[in-house]
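Subject: A structure for you to look at

Hello,

I am passing on the structure we talked about. Have a look at it first, and then read on for my notes.

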Amino acid sequence: MKFQLLPSSFEENGQASPRQHLACFVIDDVVSIDAGSLAMSTTSVQKKQIRDVILTHAHLDHIAGLPLFIDDLFATIRRPIQVFATQEIIDILERDIFNWSIYPRFSELENTNGKVMQYRAYNPGEEFTVQHLHIKALEVNHKVPCFGMVISDEKTKIAFTGDTAVMDDFWRNLNTEKNLSAVLVECAFPNELEELAQISYHLTPKILKNELEKFDGDCPIYVVNIKPMYYEQIIKEIDELQIENLQILEVGKVYEW
Ligand SMILES: [Zn+2]
């Protein structure tokens with residue numbers, strides 16, 4: 001399984017920045033999990049191939065690129081963009097984003113080939129299939145309805161927390177999954193902003209350490225969703241945890257699991 005966190009921004013020299021402003025993870029160049037930078041940072045091959053987008057939740061940093069992606073590709077879309085989300089998240093998108101005021105309601109529009117966008121509702125806890133991937137969405141503990149994912153193909157299985165504060169059920173569920181190749185966890189704020197992390201339902205390195213004690217597996221664990229403003233501080237605090245299999249997921253790098 002090829003897995004890539006797309007860049008969100010660029011340095012002065014044009015190289016991708018390691019800072020993550022937006023969340024968009026591309027699997028095997030054909031499926032994306034969240035769509036923060038989907039329009040801006042996909043390669044031309046990815047733009048041609050990605051027609052399935054799975055959403056963890058409706059926060060802007062996770063969906064910002066979705067309306068623009070559909071807009072950019074509008075005339076060329078042959079197979080409609082399938083947006084996988086819970087019905088509750090779909091209702092939020094239709095009410096607050098694709099509402100003709102913020103952006104067109106693409107689910108009602110067609111090009112010469114037919115529909116350009118379709119919603120596919122998933123139910124938490126029930127496995128569903130997207131292309132060659134089997135996905136199980138597990139509710140996590142965020143300010144809005146948000147879902148972590150267990151994602152597998154024929155060979156590889158990975159898990160992903162999405163945005164979350166402390167949680168128990170997710171880890172309990174994950175402990176029943178065998179042969180995980182990687183787990184991605186969020187860690188948005190540094191330790192000194194623990195209060196802000198709690199109000200906004202995110203983790204700090206200190207809280208992350210506690211969370212990881214609930215996980216029985218020994219696969220590599222990758223940290224994502226580090227607030228760009230606190231990037232250096234959070235990296236240092238994660239380093240100081242001295243957890244051997246814990247590392248930062250590199251923005252732009254293609255991982256093979
Ligand atoms: Zn969020």
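Below is what I found, starting with the whole chain and then going through some of its parts.

Please keep in mind that this is a predicted model. The protein contains 9 helices and 16 strands. Along its principal axes, the C-alpha trace spans about 55 × 45 × 35 Å. How does the radius of gyration fit a compact globule? For 257 residues such a globule would have a value near 18 Å, and the protein has 18 Å, so the two agree. Of the 257 residues, 42% count as buried. Contacts also reach along the sequence: among those between residues at least 6 apart, 59% join residues at least 24 apart.

A good place to begin is strand E5, residues 81-85. Is E5 largely enclosed or open? Since 4 of its 5 residues are buried, the strand is largely enclosed by the rest of the structure. E5 has pairing partners that you can trace on screen. Strand E4 (residues 52-54) runs parallel to E5 and is joined to it by 3 bridges; Asp52 has Gln82 in E5 as its bridge partner. Strand E8 (residues 117-121) is parallel to E5 as well, with 5 bridges between them. There, Ile81 has Met117 in E8 as its bridge partner.

Next, have a look at another sheet. It is open, has 7 strands and follows the order E9-E10-E11-E12-E13-E14-E15, with mixed pairing. Which strands form its edges? They are E9 (128-130) and E15 (246-248), each of which pairs on one side only. From one strand to the next, the twist averages 25°. Within this sheet, E11 (residues 147-152) and E12 (residues 157-160) run antiparallel and share 4 bridges. If you want a spot to zoom in on, Ser152 stands opposite Lys157 in E12. As you look at the strands, it may help to recall that side chains in a regular strand alternate between the two faces of the sheet.

Finally, there is helix H8, residues 205-212. Which of its residues are buried? They are Pro205, Leu208 and Glu211. Viewed down the axis of H8, these buried residues fall within an arc of 110°, and therefore line one face of the helix. Their cover includes strand E13 (182-186) and helix H9 (231-240). Strand E13 is also part of the 7-stranded open sheet, which takes you back to the strands above.

Enjoy exploring it!

Best wishes

Key
Residues are numbered from 1 along each chain as its sequence is written. This is a predicted model: local features need pLDDT of at least 70, side-chain atom pairs count only at pLDDT 80 or more; totals for chains, interfaces and linings use all residues. A residue is buried if 20 or more other C-beta atoms lie within 10 Å of its own, exposed if 12 or fewer, and partly exposed in between; C-beta atoms are placed from the backbone. Helices (H or I, at least four residues) and strands (E, at least two) are DSSP runs, numbered from the N terminus. Two strands pair if DSSP finds at least two bridges between them. Axes are lines fitted to C-alpha atoms, for helices over the stretch in contact, and angles run from 0 to 180 degrees between N-to-C directions. The radius of gyration is taken over C-alpha atoms; the globule rule is 2.2 Å times the number of residues to the power 0.38. Two residues are in contact if their C-beta atoms, placed from the backbone, lie within 7 Å. The arc is that of the directions from the helix axis to the C-beta atoms.
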